[in-house]
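Biologist: Before we go through this protein together, I would like a close look at a single part of it, set against the background of the whole chain. Please take your time over the answer.

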Amino acid sequence: MRGVALFAVLALPAAAWSDQDAKAWLDKMTGAMESLNYEGTFIFMHGDQVDTMHIVHERTEEGVRERLVSLTGEAREIIRDHGVLTCVWPHKDSVVVEKKSAKHVLPATIPAGIDELDEYYRFEVAGDDRIAGNACRDIAILPKDDLRYGHRLCVAEDSGMLLRSVLLSPAGTPIEKVMLVNMTF
């Protein structure tokens with residue numbers, strides 16, 4: 001019985017450390033995605049649908065400029081230029097322009113204030129992986145109940161860039177995935 005109690009006492013600080021370590025990786029990811037300039041290709045999977053997109057992201061003194069172009073399926077382009085969002089569908093001769101917040105972090109479903117989510121989620125470093133030739137840390141954001149979605153993120157060890165994002169159902173099965181194929185800085 002003493003061995004079990006000792007193990008429980010020793011495991012508690014490690015669990016808390018893992019929680020803080022996961023949050024540190026998420027902070028690093030948020031900073032990288034807001035501040036780095038990059039260009040790359042990623043795939044988006046939802047159900048049986050797979051789309052490939054090209055992204056160019058630039059941070060200037062005036063704000064963020066970003067361009068997404070679909071490489072598969074229906075031709076479309078999304079341009080974010082200092083808070084103005086423009087969506088273009090060439091085959092429909094359609095353009096939509098909207099004012100949007102300049103702040104943007106993918107995945108968009110994860111709020112910037114993660115400390116506020118401790119009541120609803122557990123954060124843990126789930127291991128190491130490699131995506132598009134980059135070593136990354138696998139971060140799990142797991143709901144404490146059956147009412148919320150979970151996330152598995154792979155954050156590049158060197159740059160902090162998000163290399164893979166998986167949205168999980170309350171049962172833990174993947175709903176959608178976004179994964180980097182290549183990227184340059």
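Biologist: To set the background, what share of the contacts in the protein with a separation of 6 or more do residues 24 or more positions apart account for? With that in hand, please turn to the part I care about, the cysteine pair: which residues form a disulfide, and in which strands do Cys136 and Cys154 lie?

Modeller: What we have is a predicted model, and everything that follows should be read in that light. Residues 24 or more positions apart account for 36% of the contacts in the protein with a separation of 6 or more. The protein has one helix and 11 strands, and, read along the sequence, the helix comes before the strands, in the pattern α-β-β-β-β-β-β-β-β-β-β-β. Of its 185 residues, 35% count as buried, while the protein exposes about 11,000 Å², of which carbon and sulfur atoms supply 57%.

Now to the part you asked about. The count comes to one disulfide when a pair of cysteine sulfur atoms within 2.5 Å is taken as the criterion, and that disulfide is formed by Cys136 and Cys154, whose sulfur atoms are 2.2 Å apart. The torsion about their S-S bond is about 75 degrees, so the disulfide is right-handed. Cys136 belongs to strand β8 and Cys154 to strand β9, so the bond ties together parts that are 18 residues apart in sequence. Both cysteines are buried. Cys87 is buried too, with a relative accessible area of 15%, which falls under the 20% limit.

The strands that carry the disulfide also contribute to the largest nonpolar core, which has 27 residues; the members that touch the most others are Leu26, Met29, Phe123, Ile139, Leu153, Met161 and Leu163. At least two residues of this core come from each of α1 (2-35), β1, β2 (49-60), β7 (121-131), β8 (134-143), β9 (150-156) and β10 (162-168), and the largest share, six residues, is supplied by α1. In soluble globular proteins, nonpolar side chains tend to be buried together.

Strand β1 deserves a word as well, through one of its residues. Gly40 lies in β1 (residues 38-46) and is buried, its relative accessible area being 1%. Leaving aside residues up to four places away in sequence, Gly40 touches Met53, His54, Ile55, Asn182 and Met183. One of these, Met53, is 13 residues from Gly40 in sequence, and the C-alpha atoms of the two are 8.5 Å apart.

Elsewhere in the chain, strands β3, β4 and β5 are joined by antiparallel pairing. Five bridges connect β3 (residues 63-70) with β4 (residues 77-81) in an antiparallel arrangement, in which Leu68 stands opposite Ile78 of β4. The hairpin of β3 and β4 has six residues between its strands, and there Gly73 takes a positive phi near 65 degrees. Strand β4 also pairs in the antiparallel sense, again over five bridges, with β5 (residues 84-89), and here Glu77 stands opposite Val88 of β5. In this hairpin, which has two residues between the strands, a positive phi near 50 degrees is found at His82.

To return to your cysteine pair, then, Cys136 and Cys154 are both buried, and the disulfide they form joins strand β8 to strand β9.

Methods:
Residues are numbered from 1 along each chain as its sequence is written. This is a predicted model: local features need pLDDT of at least 70, side-chain atom pairs count only at pLDDT 80 or more; totals for chains, interfaces and linings use all residues. Side-chain values use heavy atoms; hydrogens and water are left out. Helices (H or I, at least four residues) and strands (E, at least two) are DSSP runs, numbered from the N terminus. Buried means under 20% relative accessible area, exposed over 50%, partly exposed in between (1.4 Å probe, protein chains only). Contact means heavy atoms within 4.5 Å. Two strands pair if DSSP finds at least two bridges between them. A nonpolar core is a set of buried Ala, Val, Leu, Ile, Met, Phe, Trp, Tyr and Cys residues joined through side-chain atoms within 4.5 Å. Accessible areas come from the Shrake-Rupley method with a 1.4 Å probe; for residues, only the protein chains shown count as cover.
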